Amino acid sequence: MIQIPSDKDIVILTKPNFLSHDVSVKILNSKQTTSMIQDFDFENNQLFVDCDEDCFLEIVPTIKLSTKQLLWENGKLLLSQNELDTILNAMPSLSPFLAQDMTGKDLMLAWGKTESLVSAIESGFGTYFSRSRNGKWVKGEESGHLQNLKQIYLHSNPFFVQYIADQVGAACHTGYYSCFFRELGQNESVSFVYSNKVGE
């Protein structure tokens, strides 16, 4: 049984298959999310939930996705400084930041600010904004489970950042490789995606 937080925005990721870098985002409230799960087509699609139960990943083979913009690759910014400044000035104050590994597995969904994106571009590490600590958060800075970035994509409608990373160790604080370690099924069933935590 999962508990959808009532005081948070819930992010819904949608992909055509589990190993895909093509992804879209929707932001719902808890009531809308509950309705989505109740009406979910478990026969034809798959649904995964993250560790905090405030992000869901749905696999919908028939989904058609919009294009994304490659911003940065292997340490090199692919836009002019003026183009980057225009993007940064238009960014929402807080946006979803999704990290995927090189195979297309979704690692984690967190939130980020303009400063998070600038830091990621400059450092090459997956960088976010920690709402609990109210400050910049470099994933793995303390644990050593860093995200070495290979590409950064930008999406619009809604705006979100997509990191493609080489993940060191576990992306999830629980010790699992990915935060999306549970798959939901009919009648509120839950199954585990990974048989072991990293290092076990």
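1. A quick definition before anything else: a pocket here is an open set of grid points with protein on both sides within 12 Å along at least five of seven lines, and its lining residues have an atom within 4 Å of a point. Keep in mind too that this is a predicted model.

2. With that in hand, start at the largest pocket. Its volume is about 720 Å³, and 32 residues line it. If you want to find its middle on screen, pick out D52, M108, R133, W137 and H173, which lie nearest the centre. Strand 8, strand 9 (127–130) and strand 10 (135–138) are the elements that give two or more residues to this lining. Strand 8 gives the most, with four residues. By class, the lining holds 14 nonpolar, seven polar and 11 charged residues.

3. The second largest pocket comes to about 320 Å³. It has 15 lining residues, and M1, I2, I37, Q38 and E188 are the ones nearest its centre. Helix 1 (residues 30–38) supplies the largest share of that lining, three residues. The class split is eight nonpolar, six polar and one charged.

4. What about enclosed space? Searching the whole structure turns up one cavity of 30 Å³ or more, and the volume of the largest cavity is about 30 Å³. Its lining is made up of H21, D22, V23, L65, S66, K68 and H155. Sorted by class, that is two nonpolar, three polar and two charged residues.

5. Two of those cavity-lining residues, D22 and K68, deserve a second look. Their side chains meet in a salt bridge, 3.4 Å from N to O. The pair links distant parts of the chain: K68 sits in the loop between strand 4 (55–59) and strand 5 (69–73), while D22 is in the loop between strand 1 and strand 2 (24–28), 46 residues apart. K68 counts as partly exposed at 25% relative accessibility, and D22 is partly exposed as well, at 41%.

6. How many salt bridges are there in total? The count comes to six. Another one joins the side chains of K15 and D106, at 2.7 Å from N to O. K15 belongs to strand 1 (residues 10–15) and D106 to strand 8 (residues 106–112), so this pair ties together parts that are 91 residues apart in sequence. Are its two ends buried or exposed? K15 is buried, with 0% relative accessibility, and D106 is buried with 2%. The reasoning is simple: buried means under 20% relative accessible area.

7. For a salt bridge with exposed partners, go to R133 and E142, whose closest N and O atoms are 3.8 Å apart. R133 is exposed, with a relative accessible area of 52%, and E142 is exposed at 74%. You have already met R133, as one of the residues nearest the centre of the largest pocket.

8. Last stop, Q167, which is found in strand 12 (residues 160–167). Q167 counts as buried, at 9% relative accessibility. Which backbone oxygens lie within a few ångströms of a polar atom of its side chain? The one of H145 is 3.2 Å away, and the one of A170 is 3.4 Å away. Leaving aside residues up to four places away in sequence, Q167 touches L107, H145, L146, Q147 and Y177. So H145 turns up both in the contact list and as the owner of one of those backbone oxygens.

How values were computed. Residues are numbered from 1 along each chain as its sequence is written. This is a predicted model: local features need pLDDT of at least 70, side-chain atom pairs count only at pLDDT 80 or more; totals for chains, interfaces and linings use all residues. Side-chain values use heavy atoms; hydrogens and water are left out. On a 1 Å grid over the protein atoms alone, a cavity is a set of points where a 1.4 Å probe fits but cannot get out, and a pocket is an open set with protein on both sides within 12 Å along at least five of seven lines; lining residues have an atom within 4 Å of a point. Grid points are joined across faces, edges and corners, and a volume is the space filled by probe spheres set on the points. Ala, Val, Leu, Ile, Met, Phe, Trp, Tyr, Cys and Pro count as nonpolar, Asp, Glu, Lys and Arg as charged, and the others, Gly among them, as polar. A salt bridge is a side-chain nitrogen of Lys or Arg within 4 Å of a carboxyl oxygen of Asp or Glu. Buried means under 20% relative accessible area, exposed over 50%, partly exposed in between (1.4 Å probe, protein chains only). A polar contact is a pair of N or O atoms within 3.5 Å; within protein, one must be able to donate a hydrogen and the other to accept it, and residues adjacent in sequence count only if both atoms are side-chain atoms. Contact means heavy atoms within 4.5 Å.
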